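This report introduces a protein structure to a reader who has not met it before. Please look over the sequence and the model before reading on.

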Amino acid sequence: MIEKMEFLSIIGPKDQLDRVTEKYLGKYEIQLENTVGELKNLKNIVPNSESNPYREWIGKAQEAAAIVTGKAGASTGMSPQEALEVVREADRLMEDSRRQKTKLETELKKKQSLLEAVRPYLELHFELSKILHFKYVRFRFGRLPVSYYQRLKEYLQEDDCTIFEKCRVDETYVWGIYFVPASEAKKADAIYASMHFERIFIEDAYPGTVDEACRTLEKEIEELAQEERTLDERLADKLRENGGRILEAREVIETQSSRFDIRRLAAFTQSKNETFFILCGWMAKKDAVKLGKELEADPELFVTLEENPDRRVSTPPTKLKNPAIIRPFEMFVRMYGLPNYNEFDPTLFVAITYSIIFGAMFGDAGQGLCLAIGGFLLYRFKKMNLAAIIACCGFFSTIFGFLYGSVFGFEDVIPALWLRPAEAMTNLPFIGRLNTVFVVTIAIGMGLILLTMLFSIINACKAKEYGKALFDTNGAAGLVFYGAVVLVVVLFMTGNHLPAAAALVILFVVPLLIIACKEPLTLLLEKKKAHSEEGPVMFVVQAFFELFEVCLSYFSNTLSFVRIGAFAVSHAAMMQVVLMLAGAENGASGNLAVIILGNIIVCGMEGLVVGIQVLRLQYYEFFSRFYKGDGREFKPYA
């Protein structure tokens, strides 16, 4: 169900705003609205122009508290100014640490880039400093694609002026260095460039050979990383010396900032040389009554309740309130969209229909009991809403398992209290023999479709959309037409006499004509003039195809419920295959490991598929008929 909401305004002297925030807004759940926007018809009210002085310190306080970790101790009554001083001192320590760390990181990145640049040349057993100071021989470090390396070797056989020293090879590149006399450098550079040689510039900062330089750099990198860790530990030790006050300061600043943000939502007005504040918001009706009684005893404050919806700007937020046993199913409702304040909350409907349909599609007493126990334990210890839903579905699967006489796929252990899905058949006029489960599920589906049409009419009336309630496909006209179809089908299949032809014409033709003329009838009901740019012929053609689509959708939606019986039958068939693989058909004792593994696979795979199919029925066959899901969630200040 949806909580009844009240829109209220709290008024009092400006210097009492913080007291109101602390004493009342933190005690009751209230969703604050922008007062200037809500009361825009009032004159002489202005918004708050002050900036939040605590906002810039929140991040710094949280950063310091994250380093300290732990929980704040007993409050010492720290004032906001004291809290700011504590955070300023902590920020000074962190800023000093950041400056030193920045220097270390800069040096570390430099060393790492030097190491990465020279690492491919580990096979070059020469001192880099000597190579980098050659005067008469030019050198080029770099790499070229593997595919061009063979062409390079052919060139080197023909040209004695250049030497290529290969250092490293991977799947893509060959790293190396080539030497060439200064006089031949331009020619060699051009040839190597034609082979896609990518030059790499090496700095003159490496002592000894490449191998020695790499070891030296790795050692220096590790030392710099250790200095960084030491710096962090030193900062953490200094902050922990004052850790309790830092944690308390963070809480004080967060509270003060949150309270100050309320000023942005308040409006202020001047009266008799005194400034008053006005706060507006939504509360649950029961809480609004309690708050009103408390404020009556406060001589400096008073509250007004606005009951006229025409004088409100914002729409009431939605606060769901359901019993604990069905509350987890709110997850499915929220996934589709929260109901608006004037809508019907479908959580109870979803909880009942989802659980029962899941049980009918997945009827197995053994596997259902496993789902129920497993889901309950997960919800008990992990508080997972989906686990609670699985537990409810498992309970109904167990019930239908006894109705079907199925335990872990065995059909001969217990008697079927109702029927066996794969065996029960029913003779129907005109159709012949048909699986009984299919017949029952289609009948249940027709009943549920009629029920959702009633929900649609109720929602439309609550939203004052009377044209939709009367003339829509899911309104009164659609209810009469589809109800008449259901009645005729039931009477025909049970061998009873059908209504007179005149009655059938009224029940079938008149509702369809009303649906076809929905738009002009709605305009007539709302006393508006129709503005049709199309002629009567086009209107008739369009109405014909719309009615054809309506009738087709009724038929397809009804047949959609066949999937319930199909899954009930397929479960029995899948478990029969498992028993055949285990050699346990016809009452024989089979391979226990295969039976257990088969039950786990079927339970997991079919449980997932059935869960998705039932959710599809909820969204496409039910919600699409009566539910908008365009509400906004109730978000209280506290």
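The following paragraphs describe pockets, a cavity, annotated regions and helix packing. The structure is a predicted model.

**Pockets**

The largest pocket has a volume of about 740 Å³. Its lining is made up of 29 residues. Nearest to the centre of this pocket lie Lys4, Arg312, Pro316, Tyr341 and Asn342. Strand β1, which spans residues 5-13, provides the largest share of this lining, with 3 residues. Sorted by class, the lining of the largest pocket holds 13 charged, 11 nonpolar and 5 polar residues.

The second largest pocket has a volume of about 600 Å³. It is lined by 23 residues, and those closest to its centre are Ile442, Met446, Val489, Met493 and Thr558. At least two lining residues of the second largest pocket come from each of β11 (425-428), α15 (436-462), α17 (476-493) and α20 (536-559). The largest share belongs to α17, which supplies 8 residues. By class, the lining of the second largest pocket comprises 19 nonpolar and 4 polar residues, with no charged residues.

**Cavity**

How many cavities of 30 Å³ or more does a search of the whole structure find? The search finds 1 cavity of that size. The space in the largest cavity amounts to about 40 Å³. Its lining consists of Gly363, Tyr404, Ser406, Glu411, Pro421, Ala568, His571 and Ala572. Helix α21, covering residues 562-582, gives the most to this lining, with 3 residues. By class, the lining of the largest cavity has 4 nonpolar, 3 polar and 1 charged.

**Annotated regions**

An unreviewed UniProt entry lists residues 348-379, 386-410, 430-457, 469-492, 498-516, 561-582 and 594-615 under "transmembrane region". The annotation "coiled-coil region", also taken from an unreviewed UniProt entry, covers residues 87-114 and 210-241. The table gives the extent and secondary structure of some of these annotated spans.

| Span | UniProt annotation | Distance between end C-alpha atoms | Helix | Strand |
|---|---|---|---|---|
| Residues 87-114 | coiled-coil region | 40 Å | 100% | 0% |
| Residues 210-241 | coiled-coil region | 47 Å | 97% | 0% |
| Residues 430-457 | transmembrane region | 34 Å | 79% | 14% |
| Residues 594-615 | transmembrane region | 31 Å | 100% | 0% |

In the model, residues 594-615 are 100% helix, whereas residues 430-457 include 14% strand. Of the coiled-coil spans, residues 87-114 are 100% helix, and residues 210-241 are 97% helix.

**Helix packing**

Two packed helices are described by the angle between their axes and the distance between the axes. Two pairs are described here in these terms.

Helix α12 (residues 347-361) and helix α14 (residues 385-404) cross at roughly 45°, and their axes come within 7 Å. This angle makes α12 oblique to α14. The two helices, α12 and α14, form a right-handed crossing.

Helix α18 (residues 501-516) packs against α20 at an angle of about 120°, and the axes of these helices are 9 Å apart. Why is α18 described as oblique to α20? An angle over 145 degrees would count as roughly antiparallel and one of 65 to 115 as roughly perpendicular, so the angle of about 120° makes α18 oblique to α20. The crossing in which α18 passes α20 is right-handed. Helix α20 is also one of the elements that each supply at least two lining residues to the second largest pocket.

Notes
Residues are numbered from 1 along each chain as its sequence is written. This is a predicted model: local features need pLDDT of at least 70, side-chain atom pairs count only at pLDDT 80 or more; totals for chains, interfaces and linings use all residues. Side-chain values use heavy atoms; hydrogens and water are left out. On a 1 Å grid over the protein atoms alone, a cavity is a set of points where a 1.4 Å probe fits but cannot get out, and a pocket is an open set with protein on both sides within 12 Å along at least five of seven lines; lining residues have an atom within 4 Å of a point. Grid points are joined across faces, edges and corners, and a volume is the space filled by probe spheres set on the points. Helices (H or I, at least four residues) and strands (E, at least two) are DSSP runs, numbered from the N terminus. Ala, Val, Leu, Ile, Met, Phe, Trp, Tyr, Cys and Pro count as nonpolar, Asp, Glu, Lys and Arg as charged, and the others, Gly among them, as polar. UniProt positions are given in the numbering used here, feature names are shortened, and annotations may be inferred rather than shown by experiment. Axes are lines fitted to C-alpha atoms, for helices over the stretch in contact, and angles run from 0 to 180 degrees between N-to-C directions. Angles under 35 degrees count as roughly parallel, over 145 as roughly antiparallel, 65 to 115 as roughly perpendicular and the rest as oblique. A crossing is left-handed if the near helix is turned anticlockwise from the far one by less than a right angle, and right-handed if clockwise.
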